[in-house]
Amino acid sequence: MNTLFTLGAILVIIGGICDLFGAIGLLKFPNFYIRLHAATIGTIGGAAVPLFGVALLALSTNIPNKYAIAGASLITGIITLLAAPAGATALAYAAHKTNAVEWNPKTDHLKEARK
């Protein structure tokens, strides 16, 4: 086993652990906003990190089209890394602006900024 294979396998395992923690957070966290955080952890840690690991795994083997697989995995991981936080932020902002979620924050910086 070479170093790339080991590092790729570790990233895939880390992704599985992030998915597990994200799923537990979705079940256990009390409100929409905190659950959204857990979902984002599941998306970034559970999707982007394993895609980087798959890229390293593909580069470490002698399979055909390994550079195409690694490139596609890397590009998809980068797009996921950029899109997931932006989507979560848009969802949270929309939910806050429309008062779709009932919650009692200690401080509300968005509400203070509107005044």
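## Legends to the close-up views

**View 1. Helix H3 spans residues 66-98.** With 33 residues, helix H3 reaches 47 Å from its first C-alpha to its last, close to the 48 Å expected at 1.5 Å a residue. The expected span is 1.5 Å times one less than the number of residues. Helices are DSSP runs of H or I with at least four residues, strands are runs of E with at least two, and both are numbered from the N terminus. The model is predicted: local features need pLDDT of at least 70 and side-chain atom pairs count only at pLDDT 80 or more, while totals for chains, interfaces and linings use all residues. Residues are numbered from 1 along each chain as its sequence is written, and side-chain values use heavy atoms, with hydrogens and water left out.

**View 2. The buried residues of H3 are shown along the helix.** They are Lys 66, Ala 70, Ser 73, Gly 77, Thr 80, Ala 84, Ala 88, Ala 95 and His 96. Buried means under 20% relative accessible area, exposed means over 50%, and partly exposed lies in between (1.4 Å probe, protein chains only). An α-helix has 3.6 residues a turn, so residues three or four places apart point the same way. Two further residues of H3 are not buried: Tyr 67 is exposed, at 62% relative accessibility, and Ala 83 is partly exposed, with a relative accessible area of 44%.

**View 3. Helix H2, residues 32-60, packs with H3.** The two helices meet at an angle of about 170°, and their axes are 7 Å apart. H2 is therefore roughly antiparallel to H3. Axes are lines fitted to C-alpha atoms, for helices over the stretch in contact, and angles run from 0 to 180 degrees between N-to-C directions. Angles under 35 degrees count as roughly parallel, over 145 as roughly antiparallel, 65 to 115 as roughly perpendicular, and the rest as oblique. The contact of H2 with H3 has 24 nonpolar residues, seven polar and one charged. In these classes Ala, Val, Leu, Ile, Met, Phe, Trp, Tyr, Cys and Pro are nonpolar, Asp, Glu, Lys and Arg are charged, and the others, Gly among them, are polar.

**View 4. Several residue pairs are marked by their C-alpha distances, including Ala 39 with Ala 84.** Ala 39, in helix H2, is partly exposed at 28% relative accessibility. Its C-alpha lies 9.3 Å from that of Ala 84, although 45 residues separate the two in sequence. Ala 83 and Ile 44 are 39 residues apart in sequence and 9.4 Å apart in space, C-alpha to C-alpha. For Tyr 67 and Leu 56, 11 residues apart, the corresponding distance is 10.0 Å. Gly 45 of helix H2 is buried, with a relative accessible area of 7%. The C-alpha atoms of Gly 45 and Cys 18 are separated by 5.2 Å, with their places 27 residues apart along the chain.

**View 5. Asn 65 and Asn 99 have positive phi angles.** Asn 65 lies in the loop between H2 and H3 and has a phi of about 60°. Asn 99 follows H3, with phi near 55°, and belongs to the loop between H3 and H4. Most residues other than glycine have a negative phi. Asn 65 is exposed, with a relative accessible area of 59%, and Asn 99 is exposed at 64%.

**View 6. The largest pocket has a volume of about 170 Å³.** Its lining comprises 11 residues, of which His 96, Asn 99, Trp 103, Asp 108 and Lys 111 lie nearest the centre. H3 and helix H4 (109-114) each supply at least two lining residues. By class, the lining has five nonpolar, two polar and four charged residues. On a 1 Å grid over the protein atoms alone, a pocket is an open set of points where a 1.4 Å probe fits, with protein on both sides within 12 Å along at least five of seven lines; lining residues have an atom within 4 Å of a point. Grid points are joined across faces, edges and corners, and the volume is the space filled by probe spheres set on them.
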